[in-house]
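Dear colleague,

Please find below the sequence and the structure for your review. A description of what was found follows directly after them.

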Amino acid sequence: CSEIPGQPAIPTKVSGTSSSVTISYAPTTLNNAVLMGYKVLYDDGLNGAFTEVSVTSTSQTEYTAAGLTAGLSYRFQVKIVSEVGESLVSPTLTVTAGADADPPTAPHYISSSGNNQLTVGWTFPGSDGGVPITAWNVYYAIGYAEADFPDVSLPSTTTAVGTLQVTVDCTNIGGNDRSLNFVYFRVAAVTGAGVGQYSPKSRMFCANKPDAPTVTDSFVGTTNSVTINFMEGALNSAELLAFKVYMNDGLGGALSYRGKVTDTSYRYYTATGLVTDRTYLVQVTVVTSAAESDRSTVMSVRACGAPSTPAAPA
């Protein structure tokens, strides 16, 4: 003679799609009786009557309810069945049917100020899994490893669904001052079905973007090339990574990206393939581990060779 099984704990959600939900459960005290199986109960997503499903395999501790409607909230309960009888029903788990939202894009730099504040943003080109996004969870950390980031249920901050950017105080990243240092970010969408997939991680240096460089008036030209010289300004403790050069077509068109100098010991750039006697407009930016600077002032350069050697005097 034995008592019925103890009441099971509330079931937990394992996963979901736009038309199904998988839950897990576990037996509790069996009071020396033999486990015979489980009963899973769930409603129609409209607070209607429960459907009861018998699970006779004692090793099956997950159940998938299929044929659901995305966006509806379903109630789940579980009973434990032994040779003596059924347990009391578990507490109710409410789950909104829907797949996990796709990951946002990796967070990107928008702006910075005070060498201790970063504004980062992201975009969302993917699917919400069939359930509208209600907010964004933003997670930041002092390292790249998974263990460095907060738990999925403990975001560093949350923004409204229409706000795809956040301003972060670098003086308090998990209790650490990361001013003039690297901070790591990732983002996830929040829906009624839960927290979606993480974005890729981003590493950003918490400092102001560098000052615009200075382009010197001196340059060297040939009939089809021109070499320009430049010098960086304040880097705000960030690492110098490169210089970017922007030029137009020599016919009054807009300036566009022309090339990059990644050897940071160089302070010059040679543009080749130019047309003789055209005047080109040039600007340069500095790229650091924090951001790309504003462009320098515009400089006019001309592709033309040195004058011909004069003939010997008569």
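**Strand E6 and its partners**

In the pairing of strands E6 and E7, Ser73 stands opposite Thr96 of E7. Please note that this is a predicted model. Four bridges connect E6 with E7, and the sense of the pairing is antiparallel. E6 is also joined to E3, again in an antiparallel arrangement, by seven bridges. Within E6, Gln77 is the residue that faces Leu41.

How many of the ten residues of E6 are buried? The count is eight, so the strand is largely enclosed by the rest of the structure.

The loop between E6 (73-82) and E7 (93-96) contains Val84. This residue has a relative accessibility of 37% and therefore counts as partly exposed, since that class lies between the limits of 20% and 50%. Together with Ile4 and Leu88, Val84 makes a nonpolar surface patch of about 250 Å².

**Two open sheets**

The first sheet to be described is open and consists of four strands in the order E19-E18-E21-E22, with antiparallel pairing. Its edges are occupied by E19 (256-261) and E22 (299-302); each has a single partner strand, so one side of each is left without a neighbour in the sheet. From one strand to the next, the twist averages 35°. Inside this order, E18 (residues 240-247) and E21 (residues 279-288) are paired over seven bridges in the antiparallel sense. Val284 in E21 is the bridge partner of Val245.

Another open sheet has three strands, in the order E8-E9-E12, and its pairing is antiparallel. Here E8 (108-113) and E12 (165-169) stand at the edges; because each has a single partner strand, one side of each lacks a neighbour in the sheet. On average, and with direction ignored, neighbouring strands of this sheet are turned by 25° against each other. The antiparallel pairing of E8 with E9 (residues 117-121) extends over five bridges. Ser112 is found opposite Leu118, which belongs to E9.

**Aromatic pairs**

A pair of aromatic rings is described by the distance of the centres and the angle of the planes. The count of aromatic pairs in the model comes to twelve. Tyr144 and Tyr184 form an edge-to-face pair, with 6.3 Å from centre to centre and 70° between the planes. This pair links distant parts of the chain, 40 residues apart: Tyr144 lies in the loop between E10 (133-141) and E11 (157-160), whereas Tyr184 lies in E13 (residues 182-191).

Are the two rings of this pair carried by buried or exposed residues? Tyr144 has a relative accessibility of 53% and so counts as exposed. Tyr184, at 12%, counts as buried, because the limit for that class is under 20%.

Phe230 and Phe243 make a tilted pair, with 4.8 Å between the centres and 45° between the planes. They too link distant parts of the chain, with Phe230 in E17 (residues 225-231) and Phe243 in E18, 13 residues apart. Phe230 and Phe243 are both buried. Through Phe243, this pair involves E18, a strand of the four-stranded sheet described above.

In addition, one aromatic cluster is formed by Tyr42, Tyr63 and Phe76.

**Backbone angles in two loops**

Which residues other than glycine have a positive phi value? Asn47 is one of them, with phi near 65°, and Asp277 is another, with phi near 70°. Asn47 is situated in the loop between E3 (35-42) and E4 (51-55). Its relative accessible area is 61%, so Asn47 is exposed. Asp277 is placed in the loop between E20 (268-272) and E21. With a relative accessibility of 46%, Asp277 therefore counts as partly exposed.

The two loops adjoin strands already discussed: E3, which is joined to E6 by seven bridges, and E21, which is paired with E18 over seven bridges.

With kind regards

Note on methods:
Residues numbered from 1 in each chain as written. Predicted model: local features only at pLDDT ≥ 70, side-chain atom pairs only at ≥ 80, totals over all residues. Heavy atoms only, no water. Pairing = 2+ DSSP bridges. Axes fitted to C-alpha atoms, helices over the stretch in contact; angles between N-to-C directions. Patch = residues over 30% accessible without salt bridge, like charges linked within 9 Å, V, L, I, M, F, W, Y side chains within 5 Å. Areas by Shrake-Rupley, 256 points an atom, 1.4 Å probe, with all protein chains shown as cover. Salt bridge = Lys/Arg side-chain N within 4 Å of Asp/Glu carboxyl O. Buried < 20%, exposed > 50% of the residue type's maximum accessible area, 1.4 Å probe, protein only. Phe/Tyr/Trp six-rings, centres within 6.5 Å; stacked < 30°, edge-to-face > 60°.
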